[in-house]
Amino acid sequence: MIPKDFLLGGIHCGIAKKFQKKDLALLYSKKPAKAYGMFTSNLCKAAPVLVSQKHLKMNKTNVRGIIANSGCANACTGLKGFKNAEEMCGLAGKSLGVKKENFLVASTGVIGKHLPIEKISKGIKILSGKIGFSKKDELSCVQAIMTTDTFTKISSGSFKIGNKKINIWGCVKGAGMIHPDLKKPHATMLSFILTDANISNKAVEKALSNSIEKSFNCVSVDGDTSTNDSVFLLANGAAGNSLIAESGKAFDIFSKNLLKVCLDLAKKLARDGEGATKLIEIEVNGARDKNGAKKIASTIATSPLFKTAIFGNDANWGRIMAAAGRSGVSFKPEKVDVWIGNVCVAKKGIGANFSEEKTKRILHNKEIKITVNLNSGKESAKYYTCDFSFDYVKINASYRS
């Protein structure tokens with residue numbers, strides 16, 4: 001369900017090579033929205049990232065919408081790229097009667113190409129008159145930011161604070177070049193999250209930061225952090241609830257539901273990894289500290305040897321141990337247990353007596369859980385990834401052609 005007083009839509013304006021592939025999306029709030037964004041840590045930040053960071057520094061309490069495109073990342077495009085990203089905000093603002101600073105911008109696609117700004121200008125004029133809140137509008141908006149994605153990734157939830165119903169809706173795009181490392185403002189992953197909750201600026205920032213650390217920052221397809229990764233949360237207060245502060249019961253309820261949406265979207269990213277056939281959940285527990293657990297899980301999740309073994313249904317637990325060992329985290333290998341599904345494949349750092357047949361059956365499933373127990377502490381972390389198939393190479397070997 002689209003939160004109250006938000007409108008959205010998407011059209012084909014001519015950026016994408018494929019005729020009628022939707023390539024321009026618009027999300028708009030009828031009311032001023034409090035907003036927060038988190039962006040890629042890649043030093044080569046795309047123009048839309050820089051512009052959105054600038055606009056959020058100027059204005060966190062009166063953001064009115066997001067204008068986004070696929071088909072061109074507008075990254076590594078210099079001053080012209082920055083001006084084009086600014087112009088997209090200006091065109092969207094003009095069409096809807098607000099200032100360009102009231103808009104955020106996002107782009108995805110091939111790096112190094114300039115936006116066809118004339119096509120985008122015409123497209124924004126058309127799209128601003130077509131936005132709505134129907135299922136069709138929702139789908140057209142999300143389709144417009146897709147690149148190699150094979151399905152639309154949408155999640156939503158409703159809950160009550162007091163006697164007021166609050167809605168959270170989110171979408172994400174991404175299938176390749178996915179290893180987000182999103183920082184506070186100080187194929188790309190783009191996520192737009194909308195809520196009609198009445199919530200303070202500090203609470204918006206805290207809730208999104210906490211949710212991302214447990215969701216988007218715990219997913220990887222190929223270990224490549226994009227130039228364009230961006231997550232935006234807009235809260236327009238249309239639900240009419242009492243203001244949610246940055247602590248307390250109401251904040252906890254809101255945060256729990258926001259995390260639910262973010263985690264669902266993050267898993268969908270991994271499930272739709274380019275060429276992927278399996279969703280993999282990696283849990284590292286028994287660690288001395290949470291950061292160490294997460295680093296080990298991340299190293300396993302980004303290991304091509306591990307990911308190809310999963311694709312080939314090979315219970316090669318040695319690749320899991322090897323990845324953990326090169327993570328940079330100190331632990332005692334002779335204490336480590338490794339599980340594939342409910343089968344213990346390594347005990348105290350050496351191979352266990354397990355059924356290859358049973359483990360192979362587990363590895364044929366579409367969802368697989370890997371558990372690594374360091375047996376050295378009480379902390380744990382989870383990471384989500386996918387396997388590496390032949391199709392990943394095919395897709396990325398000819399991405400520009």
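Six strands make up an open sheet, and their order across it is 13-12-11-14-10-15 with mixed pairing. Strands here are DSSP runs of E with at least two residues, helices are runs of H or I with at least four residues, and both are numbered from the N terminus. Two strands count as paired if DSSP finds at least two bridges between them. In general, strands of a sheet pair through backbone hydrogen bonds, either parallel or antiparallel. The edges of this sheet are strand 13 (350–351) and strand 15 (379–386), each of which pairs on one side only. Further in, strand 11 (residues 337–340) and strand 14 (residues 367–373) are joined by four bridges in the antiparallel sense. You can find this pairing by looking for aspartate 337, which stands opposite asparagine 373 in strand 14.

A word on what you are looking at: this is a predicted model, in which local features need pLDDT of at least 70 and side-chain atom pairs count only at pLDDT 80 or more, while totals for chains, interfaces and linings use all residues. Residues are numbered from 1 along each chain as its sequence is written, and side-chain values use heavy atoms, leaving out hydrogens and water.

Let us follow the chain out of strand 14. The loop between strand 14 and strand 15 holds asparagine 375. Its phi is near 50°, a positive value in a residue other than glycine. With a relative accessible area of 35%, asparagine 375 is partly exposed; buried means under 20%, exposed means over 50%, and partly exposed lies in between (1.4 Å probe, protein chains only). Past strand 15, helix 11 (residues 390–397) includes aspartate 391, which is partly exposed at 39% relative accessibility. The C-alpha atoms of aspartate 391 and asparagine 353 are 34 Å apart, with their positions 38 residues apart along the chain.

Now turn to an earlier part of the chain, where strand 3 (residues 63–69) runs parallel to strand 4 and five bridges join the two. Here asparagine 69 stands opposite serine 107 in strand 4. Between these strands the chain passes through helix 2 (residues 78–96), making a right-handed β-α-β crossover. Right-handed means that, with the strands pointing away from the viewer, the path from the first strand over the helix to the second runs clockwise. On the way, in the loop between strand 3 and helix 2, you will meet cysteine 76. Cysteine 76 is exposed, with a relative accessible area of 55%, and its phi is near 60°, again a positive value in a residue other than glycine.

How enclosed is strand 4 (residues 103–107)? Five of its five residues are buried, so the strand is largely enclosed by the rest of the structure. Phe103, Val105 and Ser107 point one way from strand 4, while Leu104 and Ala106 point the other way.

Another buried residue to visit is serine 140, at 10% relative accessibility, in helix 4 (residues 135–143). Its side chain reaches the backbone oxygen of aspartate 137 at 2.9 Å. Leaving aside residues up to four places away in sequence, serine 140 touches Gly9, Gly10 and Lys22, where contact means heavy atoms within 4.5 Å.

The aromatic rings deserve a stop too. Rings of Phe, Tyr and Trp (its six-membered ring) pair if their centres lie within 6.5 Å; planes under 30 degrees apart count as stacked, over 60 as edge-to-face and the rest as tilted. By this rule there are four aromatic pairs. Phenylalanine 39 and phenylalanine 232 have ring centres 5.7 Å apart and planes at 70°, so this pair is edge-to-face. Phenylalanine 192 and phenylalanine 232 form a stacked pair, 6.0 Å centre to centre with 5° between the planes. Phenylalanine 192 lies in strand 8 (residues 190–195) and phenylalanine 232 in strand 9 (residues 230–235), so the pair ties together parts 40 residues apart in sequence. Ring pairs thus link Phe39, Phe192 and Phe232 into a cluster. Phenylalanine 192 is buried at 0% relative accessible area, and phenylalanine 39 and phenylalanine 232 are buried as well.

Finally, look for charges over rings, meaning NZ of Lys or CZ of Arg within 6 Å of the ring centre and within 35 degrees of the ring normal. The charged end of lysine 153 sits over the ring of phenylalanine 151, 4.9 Å from its centre. Likewise, the charged end of lysine 307 sits over the ring of phenylalanine 388, at 4.7 Å from the centre.

Terms used. Polar contact = N/O pair within 3.5 Å; in protein donor to acceptor, adjacent residues only side chain to side chain.
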